Amino acid sequence: MPAYAFAHLRDRKPHPEVYTYLERIQATLTPYLGRFLAHGDTLEVREGEWPGSLVLLEFPGLAEARAWYDSDAYQEILPLRTRHIAGDVILFPGLPADYGPTTRAEALKATETPAPAQ
């Protein structure tokens, strides 16, 4: 099942180190079969606010996503970005092909504590 790395980047400041990071990141992804699905600031905000840009990476699984993020190669270039761009990064698993939101609703209902009778 695929997994994803998502970054919400804010307060971007152009800097030569950021350009170097961008030039080197693909080489850190390739051994883990990671690829960019989205990268940039062309966003259409429909609800709330979204300051910044986003990056979405896909991996074959959560193990590969974790291994990439923790790899020496990525950790070596990470400060090139973090010194100049504030952000949040999360890793998360994808969903099976047969997933349906009704299944989620049923699981949530099953965990509810009934309200006391009055």
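Start by selecting Leu-43, which sits in the loop between β2 (35-40) and β3. With a relative accessibility of 33%, Leu-43 counts as partly exposed. Now add Val-45 and Trp-50 to the selection: together with Leu-43 they make a nonpolar surface patch of about 230 Å². Keep in mind as you go that this is a predicted model.

**Into the core**

Next, select Ile-25, Leu-57, Phe-59, Trp-68 and Tyr-74. These residues have the most contacts inside the largest nonpolar core, which has 17 residues. Colour the elements that feed this core: β1 (3-10), α1 (16-29), β3 (53-59), α2 (62-70) and α3 (72-82) each supply at least two of its residues.

Stay with Ile-25 for a moment and show its surroundings. Leaving aside residues up to four places away in sequence, Ile-25 touches Phe-36, Trp-68, Tyr-74 and Ile-77.

**Pairs of opposite charge**

Side chains of opposite charge can pair when their charged atoms come close. How many salt bridges does the count come to? The count is 7 salt bridges, and three stops will show you some of them.

- Select Arg-10 and Asp-88, whose side chains meet in a salt bridge at 2.7 Å, N to O. Arg-10 belongs to strand β1 and Asp-88 to strand β4 (residues 86-93), so this pair ties together parts that are 78 residues apart in sequence. Arg-10 is partly exposed at 22% relative accessibility, and Asp-88 is also partly exposed, at 40%.
- Move on to Glu-17 and Arg-83, which form a salt bridge at 2.9 Å, N to O. Because Glu-17 lies in helix α1 and Arg-83 in the loop between α3 and β4, the pair ties together parts 66 residues apart in sequence. Glu-17 is partly exposed, with 22% relative accessibility, whereas Arg-83 is exposed at 51%.
- Finish with Glu-58 and Arg-35, where the closest N and O atoms of the salt bridge are 2.9 Å apart. Here strand β3 holds Glu-58 and strand β2 holds Arg-35, linking distant parts of the chain that are 23 residues apart. Is Glu-58 buried or exposed? With a relative accessible area of 17%, Glu-58 is buried, because buried means under 20%. Arg-35, at 45% relative accessibility, counts as partly exposed.

**Two loops with positive phi**

Now look at the backbone. Select Asp-11, in the loop between β1 and α1. Its phi is near 50 degrees, a positive value in a residue other than glycine. Asp-11 is exposed, with a relative accessible area of 54%.

Then jump to Leu-33, in the loop between α1 and β2. Leu-33 is not a glycine, yet it has a positive phi of about 60 degrees. At 61% relative accessibility, Leu-33 counts as exposed.

**A helix stop and the whole span**

Which helix holds Ala-67? You will find Ala-67 in helix α2, partly exposed with a relative accessible area of 31%. Draw a distance from Ala-67 to Pro-2: the two are 65 residues apart in sequence, and their C-alpha atoms are 14 Å apart in space.

To end the tour, select residues 2-94, the span that UniProt lists for "domain: DUF1330" in an unreviewed entry. Put a distance line between the end C-alpha atoms of this span, and you should find them 5 Å apart. Colour the span by secondary structure and you will see 37% helix and 31% strand.

How values were computed. Residues are numbered from 1 along each chain as its sequence is written. This is a predicted model: local features need pLDDT of at least 70, side-chain atom pairs count only at pLDDT 80 or more; totals for chains, interfaces and linings use all residues. Side-chain values use heavy atoms; hydrogens and water are left out. A nonpolar core is a set of buried Ala, Val, Leu, Ile, Met, Phe, Trp, Tyr and Cys residues joined through side-chain atoms within 4.5 Å. Buried means under 20% relative accessible area, exposed over 50%, partly exposed in between (1.4 Å probe, protein chains only). Helices (H or I, at least four residues) and strands (E, at least two) are DSSP runs, numbered from the N terminus. Contact means heavy atoms within 4.5 Å. Patches are made of residues with over 30% relative accessible area and no salt bridge: like charges are joined within 9 Å, nonpolar side chains (Val, Leu, Ile, Met, Phe, Trp, Tyr) within 5 Å. Accessible areas come from the Shrake-Rupley method with a 1.4 Å probe; for residues, only the protein chains shown count as cover. A salt bridge is a side-chain nitrogen of Lys or Arg within 4 Å of a carboxyl oxygen of Asp or Glu. UniProt positions are given in the numbering used here, feature names are shortened, and annotations may be inferred rather than shown by experiment.
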